[in-house]
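Reader: I should be grateful for a close look at the charged side-chain pairs in this model, and at the pockets and the helix that may be discussed alongside them. Please set the account out as one connected answer.

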Amino acid sequence: MPARKEVLQIAGREVTISNPEKVFFPQAGYTKRDLILYYLAVADGAVRGVRNRPMAMKRFVNGAEGEFFFQKRAPLQRPVWIDTVELRFPSGRTAVEVVVNDAAQLAWVINLGCIDLNPHPVRADDLEHPDELRVDLDPMPDVPWAQVRDVALIAREVLDENGLRGFPKTSGSRGVHINVRIERRWTFGEVRTAALALAREVERRAPSIATSKWWKEERHGIFLDYNQNAKDRTVASAYSVRPTPDARVSMPLEWSEVPDVNPADFTLKTAPKRFAERGDASAAIDDQAGSLERLLELSERQRAAGQGEAPWPPHYAKQEGEPARVQPSRKRRG
């Protein structure tokens, strides 16, 4: 039997959906069609999170419980109305990546098996200057959810004191993301430096539950992953469905919701109703571009106090002043 197809009229385009009845979330019973209809229901918010950004496509061709792969290069066989941009990676290689700017392009990407959306923090018209600082709160195993919320609120305090407005969202997994719109004046390295300064200040204020330590053996509580701001790193965007059994959603929040929020409340099934009734909690993000000057000044004060460069991910070139890329326990044994 030939695979069934369905054609949807979206944003003035015809978008072909292949195998719409294919089950993508076996435990919840949601199909590929359910996933696409979810994204169309929250399209205004989901597109806001990715608009004009190159995207690494994380493809789950066999659904949420199957293997996935990252596809950086846009498929050669694609509609003429799919936007793209050529991105240069730290290795020097380049790739033409997909850019999603409307609901039709969004549905086309989801049809390829992209359950969540993973855009870069730059816009297609300036690929070297991020317009988003990303605060990724990554809890260690067995850390209670209440601690994640507490660290998020401390991160908000630090952002506010440094003239920046953060927009929180559940990660859709175990953590919280805080997106911060910034002026396009700084390089990836400078944005990462600002994120590291933020992480260290949060750690200073809450040393028992927050950490900026890169090596897992040194971490405790919630790790503020400053390296998510290095070039070529991506994070699941607002309204992304995550590959969890319940099809959990990375949901934008009002700060007033953070102290009591339960991430399990936001799923493919429940999120569209909230969006229809309350709108997008991150709707104003593009109007809130701030300056990194205060965080960079904080970084200078931290360096003067003896806090030097922190480790980069292993596939990046060794940076000036970076400590040895050796696990502390191995270093001590040596």
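Author: A salt bridge is here a side-chain nitrogen of Lys or Arg within 4 Å of a carboxyl oxygen of Asp or Glu. The model is a predicted one, and by this rule it holds 30 salt bridges.

One of these pairs joins Glu-6 to Arg-4, with 3.8 Å between the closest N and O atoms. That distance falls under the limit, because the rule asks for a nitrogen within 4 Å of a carboxyl oxygen. The two partners can also be described by their accessibility. Glu-6 has a relative accessibility of 16% and therefore counts as buried, since buried means under 20% relative accessible area. Arg-4, at 45% relative accessibility, counts as partly exposed.

A second pair is formed by the side chains of Arg-185 and Glu-293, which meet at 2.7 Å, N to O. This salt bridge links distant parts of the chain, for its partners are 108 residues apart. Arg-185 sits in the loop between β12 (176–181) and α5 (188–205), while Glu-293 belongs to helix α7 (residues 293–304). Arg-185 is partly exposed at 45% relative accessibility, and Glu-293 is partly exposed with a relative accessible area of 41%.

A third pair consists of Glu-203 and Lys-213, whose side chains form a salt bridge at 2.8 Å, N to O. Glu-203 lies in helix α5 and Lys-213 in the loop between β13 (210–211) and β14 (222–224), so the salt bridge ties together parts that are ten residues apart in sequence. Of these partners, Glu-203 is buried, with a relative accessible area of 11%, whereas Lys-213 is partly exposed, with 33%.

Salt bridges also connect several residues into a network, made up of Arg-53, Arg-123, Asp-131, Glu-132, Arg-134, Arg-181 and Asp-286.

Lys-213 leads on to the pockets. The second largest pocket holds about 290 Å³ of space. It is lined by 16 residues, and those closest to its centre are Lys-213, Trp-215, Glu-218, Pro-311 and Pro-323. Helices α5 and α8 (328–333) are the elements that each give two or more residues to this lining. By class, the lining of the second largest pocket comprises eight nonpolar, two polar and six charged residues.

The largest pocket has a volume of about 620 Å³. Its lining contains 27 residues, with Asp-136, Asp-138, Gln-228, Thr-234 and Arg-242 nearest the centre. Strand β10 (residues 132–139) supplies the largest share of that lining, namely four residues. Eleven of the residues lining the largest pocket are charged, eight are polar and eight are nonpolar.

The remaining part to describe is helix α2. Six of the eight residues of α2 (residues 43–50) are buried, so this helix is largely enclosed by the rest of the structure. The buried residues are Ala-43, Gly-45, Ala-46, Val-47, Gly-49 and Val-50. Their cover includes α1 (32–41), β5 (54–55), α3 (103–111) and α6 (271–278). Just after α2, Asn-52 adopts a positive phi of about 65°.

Key
Residues numbered from 1 in each chain as written. Predicted model: local features only at pLDDT ≥ 70, side-chain atom pairs only at ≥ 80, totals over all residues. Heavy atoms only, no water. Buried < 20%, exposed > 50% of the residue type's maximum accessible area, 1.4 Å probe, protein only. Contact = heavy atoms within 4.5 Å. 1 Å grid on protein atoms, 1.4 Å probe; cavity = no way out; pocket = protein on both sides within 12 Å on 5 of 7 lines; lining within 4 Å. Points joined across faces, edges and corners; volume = space filled by probe spheres on them. Nonpolar A, V, L, I, M, F, W, Y, C, P; charged D, E, K, R; others polar.
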